[in-house]
Amino acid sequence: MPAENMSTKEVAEYLGINEKQVYALIKARGIPCTRVTGKWVFPKRLIDRWITTSALKEGPVIDESARSETEDLFAAGSNDPVLDIVINHMKNGDPGTHIFSSVTGSTEGLRLLGTGLTDIAWCHLANPVTGEYDLQMLENLVPHKKIAIVHLFQRELGFLLPPDSKEKSMSFSTIADKKLRFVNRQTGSGTRVVTDKILSEENISHESIDGYISEVNTHLEVGLMILSGECKTGIATSAIAKILGLKFIPLIKENFDMVVLQETFFRDEVQNFIETLNSDNFRKMVSHLGNYDFSRAGKILYSTP
């Protein structure tokens, strides 16, 4: 039985639609709702009345047709401080449509793109050495759709440590030997893929890493766990180390990319996003974060034939 006040997820289940359609209805002011402490709330009695009224008008409660070109885009996947800055910069500069983003991890972002629940997937699942994607993996997650992989920037991933740490180098062998408390990323995130790949290559068991099962969903949470003293180390971007004043020991440089359906690539929001990445004002704004390379921002790495 639904609660008297339903969340976005709950009202989507109640109406038998996906959450993206709920947000489209909110934007069009087509569904009764209110915002409380930053979250949308849907009173069940008003939703029931709305359904009844819609039925009496002999019109569909939900328009199942494709979303209009004037509607906002939804994005999901990996996260990065630069990504948030770009999206917010776009909102401040353009009163029109926007990109709304959710942190789910790279793999889940691609799955959501494949099921039509999002328009954009942020990911960093390319091979760090070759920069190439596993096309079979993409086909499995985004089946039977023409996609484009667009490069956004290169960033540095490494071990974060407390600011007063005396460690001059860091590895998973060191973490295991010294029994340092580690904070891990969630399954399916690009950083978790990197972590598990290195552990496998170095033949280090998960059980030997204290805190391996301790998962958080963002790079910032990794940094905060270390800053608070709950953990001694974890893997995140160099930007988080700079923002929080933590020690950073480089591990790899990796590409951060955007995966979209080919028709979505030509939407104004996507083109504005890429233009913002390449703008002098934006580059100046994020220059203090360091260790980012935007030289190939907007380059199409792969497009389904």
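1. N217 is partly exposed in this predicted model, because its relative accessible area of 40% falls between the limits of 20% for buried and 50% for exposed residues. The residue sits in the loop between β9 and α9. Once neighbours within four places in sequence are set aside, the contacts of N217 are with N79, V103, R185 and Q186. For N79 the separation along the chain is 138 residues, while in space the two C-alpha atoms are 9.1 Å apart.

2. Confidence should be kept in view while reading the rest. The mean pLDDT of the chain is 87, and 89% of the residues reach at least 70. Among the elements, the lowest mean pLDDT, 71, belongs to strand β2 (residues 34–36), whereas the highest, 97, belongs to β8. Residues 56–70 have a pLDDT below 50, although this stretch has 20 contacts in the model beyond near neighbours in sequence. Where pLDDT is low, predicted coordinates should not be read in detail.

3. How many salt bridges are there in the model? The count comes to ten, and one of them joins R181 to D210, with the closest N and O atoms 3.0 Å apart. This pair links distant parts of the chain, since R181 lies in the loop between α7 (172–178) and β8 (182–185) and D210 in the loop between α8 (190–201) and β9 (215–216), 29 residues apart. R181 is partly exposed, with a relative accessible area of 33%, and D210 is also partly exposed, with a value of 35%.

4. R192 deserves a point to itself. Its side chain meets that of D196 in a salt bridge of 3.4 Å, N to O, and both residues belong to helix α8, where they are four residues apart, or about one turn of the helix. In an α-helix there are 3.6 residues a turn, so residues three or four places apart point the same way. Is R192 buried or exposed? R192 is buried, because its relative accessible area of 8% is under the 20% limit, while D196 is partly exposed at 25%.

5. R192 also forms a salt bridge with E215, and here the closest N and O atoms are 2.9 Å apart. Because R192 lies in helix α8 and E215 in strand β9, this pair ties together parts that are 23 residues apart in sequence. E215 counts as partly exposed, at 40% relative accessibility. Elsewhere, D80, R155 and E254 are joined into one network by salt bridges that share partners.

6. Helix α5, which spans residues 106–114, contains the buried residues S106, G109, L110, L112, L113 and G114. The cover over these buried residues includes β4 (73–77), β6 (120–123), α6 (135–141), α8 and β11 (247–261). Helix α8, which holds R192 and D196, is therefore also among the elements that cover the buried residues of α5. Just after α5, G116 adopts a positive phi of about 85°.

7. On the surface, L220, L224 and L227 form a nonpolar patch whose accessible area is about 250 Å² together. L227 is placed in helix α9 (residues 219–227). With a relative accessibility of 45%, L227 counts as partly exposed, because this value lies between the 20% and 50% limits.

8. Aromatic rings give a further set of links, and the count of aromatic pairs comes to ten. F153 and Y292 make an edge-to-face pair, with 5.4 Å from centre to centre and 70° between the planes. F153 lies in strand β7 (residues 147–161) and Y292 in the loop between α13 (280–286) and β12 (300–303), so the pair ties together parts that are 139 residues apart in sequence. Both of these residues, F153 and Y292, are buried.

9. F153 has a pairing with F294 as well, which is edge-to-face, at 5.8 Å centre to centre and 65° between the planes. Because F153 lies in strand β7 and F294 in the loop between α13 and β12, this pair ties together parts that are 141 residues apart in sequence. F294 is buried, and so is F153. Ring pairs link F153, F256, F282, Y292 and F294 into a cluster.

Notes
Residues are numbered from 1 along each chain as its sequence is written. This is a predicted model: local features need pLDDT of at least 70, side-chain atom pairs count only at pLDDT 80 or more; totals for chains, interfaces and linings use all residues. Side-chain values use heavy atoms; hydrogens and water are left out. A salt bridge is a side-chain nitrogen of Lys or Arg within 4 Å of a carboxyl oxygen of Asp or Glu. Helices (H or I, at least four residues) and strands (E, at least two) are DSSP runs, numbered from the N terminus. Buried means under 20% relative accessible area, exposed over 50%, partly exposed in between (1.4 Å probe, protein chains only). Contact means heavy atoms within 4.5 Å. Patches are made of residues with over 30% relative accessible area and no salt bridge: like charges are joined within 9 Å, nonpolar side chains (Val, Leu, Ile, Met, Phe, Trp, Tyr) within 5 Å. Accessible areas come from the Shrake-Rupley method with a 1.4 Å probe; for residues, only the protein chains shown count as cover. pLDDT is the predictor's confidence in each residue, from 0 to 100. Rings of Phe, Tyr and Trp (its six-membered ring) pair if their centres lie within 6.5 Å; planes under 30 degrees apart count as stacked, over 60 as edge-to-face and the rest as tilted.
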